[in-house]
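Here is a briefing on one protein chain. Start with the overall picture, then go through the sheets, the aromatic pairs and two single residues.

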Amino acid sequence: VTGFVVDNKYTISNITQNHTVSVVFDSASYNITAQTAKNGTISPSGVTSVKHGGSQKYLIVANFGYHLTGVSVDGVALPSTEVQNIATNGYTFADVVENHTISATFEKNVYTITAAASNNGTISPSGNIKVSFGDNKTFTLTAHKGYQIDKIYIDNQVFESTTIYTFTDVDKNHSIYVSFKKITYSILASCGANGTISPQGT
C-alpha cells in the first residue's frame, strides 16, 4: 500500500484490505518579534513563539532618565494616548493568528530649573529653564552697583555665597533663588588735638 499527502490530503492507492487512518493535529505557531531600542527594554525580547489563538504580553520600560515616546505594532505607530497606557500596563497581543512585530522608542527626560532673583540684582538665565537629563546648566548671579549677594537658595536650601552656580548631571527638577542686600561701608572718623569731629569713630 502506498500513501502520500498532497495539499493536506492523504491518498491511499492499491487498496486490497481495510485501513485505518488517524490524524493528530497541533496548533500552528506564530512569531512575535520584539525589536529592542536604545535607552529602554522590551520584555520578552527577540522572537517569541505563540500558539494559534494564544496571547503574549510585553512590558516596555524606559531606562532611568528616559521615557517612552512611541510604540509601533506591525510597523504602525500607536496613538500617544495608548502609548501612555502601555508605559504603565504593557501591551498584549490577544488571539494571535499571524506573525507580529513590536518596537519602541525612548527619549531623554526634560527637567525644569526655576531661576529667580530679588530686586537689586539679576540671575542669568532666569525663568523656567529646560534641561535634558544628564546635562549641566550654569547660572550667573550679579548684584547691582552698591549691592551684594545676600542669600542663595538651591532647592529651598541655603547655599554658600557665589557668583556662579552649576547644576551638574541633572536628573530632576531644581530651583535657584538669590537675594541681594545693600553694601554697608565703614567710615573711620578721627581728629587730632584742639578740635572735634562728629560723629567720631567707626
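Of the 202 residues of the chain, 27% count as buried; buried means under 20% relative accessible area, exposed over 50%, and partly exposed in between (1.4 Å probe, protein chains only). This is a predicted model: local features need pLDDT of at least 70, side-chain atom pairs count only at pLDDT 80 or more, and totals for chains, interfaces and linings use all residues. Residues are numbered from 1 along each chain as its sequence is written, and side-chain values use heavy atoms, with hydrogens and water left out.

**Overall form**

- The chain holds 1 helix and 18 strands. Helices (H or I, at least four residues) and strands (E, at least two) are DSSP runs, numbered from the N terminus.
- The radius of gyration is 37 Å, well over the 17 Å that the globule rule gives for 202 residues, so the chain is more spread out than a compact globule. The radius is taken over C-alpha atoms, and the globule rule is 2.2 Å times the number of residues to the power 0.38.
- The C-alpha trace spans about 150 × 25 × 20 Å along its principal axes.
- About 13600 Å² of the chain is exposed, and carbon and sulfur atoms supply 48% of that area. Accessible areas come from the Shrake-Rupley method with a 1.4 Å probe; for residues, only the protein chains shown count as cover.
- Among contacts between residues at least 6 apart in sequence, 56% join residues at least 24 apart. Contact means heavy atoms within 4.5 Å.

**Sheet with strand 5**

- An open sheet of 5 strands has the order 5-3-10-7-8, with mixed pairing. Two strands pair if DSSP finds at least two bridges between them.
- Strand 5 and strand 8 (76-77) stand at the edges with a single partner strand each, so one side of each is left without a neighbour in the sheet.
- Strand 3 (residues 29-35) and strand 5 run antiparallel and are joined by 6 bridges. Tyr30 stands opposite Val50 in strand 5.
- Thr48 lies in strand 5 (residues 46-51). Thr48 is buried, at a relative accessible area of 14%.
- Beyond its neighbours within four places in sequence, Thr48 is in contact with Tyr30, Asn31, Ile32, Gln56 and Tyr58.

**Sheet with strand 15**

- Another open sheet has 5 strands in the order 13-11-18-15-16, and its pairing is mixed. Its edge strands are strand 13 (127-132) and strand 16 (157-159), each pairing on one side only.
- Strand 15 and strand 16 pair in the antiparallel sense over 3 bridges. The bridge partner of Ile152 in strand 16 is Phe159.
- Ile149 belongs to strand 15 (residues 147-154). Ile149 is buried, with a relative accessible area of 15%.
- Outside the four nearest places in sequence on either side, Ile149 is in contact with residues including Leu141, Ala143, Val178 and Phe180.
- Thr162 is also in contact with Ile149. The two are 13 residues apart in sequence and 8.0 Å apart in space, C-alpha to C-alpha.

**Aromatic pairs**

- The whole structure has 8 aromatic pairs. Rings of Phe, Tyr and Trp (its six-membered ring) pair if their centres lie within 6.5 Å; planes under 30 degrees apart count as stacked, over 60 as edge-to-face and the rest as tilted.
- Phe139 and Phe167 make an edge-to-face pair, 5.9 Å centre to centre with 90 degrees between the planes. This pair links distant parts of the chain: Phe139 is in strand 14 (residues 137-143) and Phe167 in strand 17 (residues 164-167), 28 residues apart.
- Phe139 is buried at 0% relative accessible area, and Phe167 is buried at 4%.
- Tyr153 and Tyr177 form a tilted pair, 6.3 Å centre to centre with 40 degrees between the planes. Tyr153 sits in strand 15 and Tyr177 in strand 18 (residues 174-182), 24 residues apart.
- Tyr153 is partly exposed at 26% relative accessible area, as is Tyr177 at 33%.
- Ring pairs link Phe139, Phe159, Tyr165 and Phe167 into a cluster.

**Strands 14 and 17**

- Strand 14 and strand 17 pair in the antiparallel sense over 4 bridges. Tyr165 in strand 17 is the bridge partner of Phe139.
- In a regular strand the side chains alternate between the two faces of the sheet.
- Strand 17 shows this alternation: Tyr165 and Phe167 point to one face and are buried, while Ile164 and Thr166 point to the other and are not.
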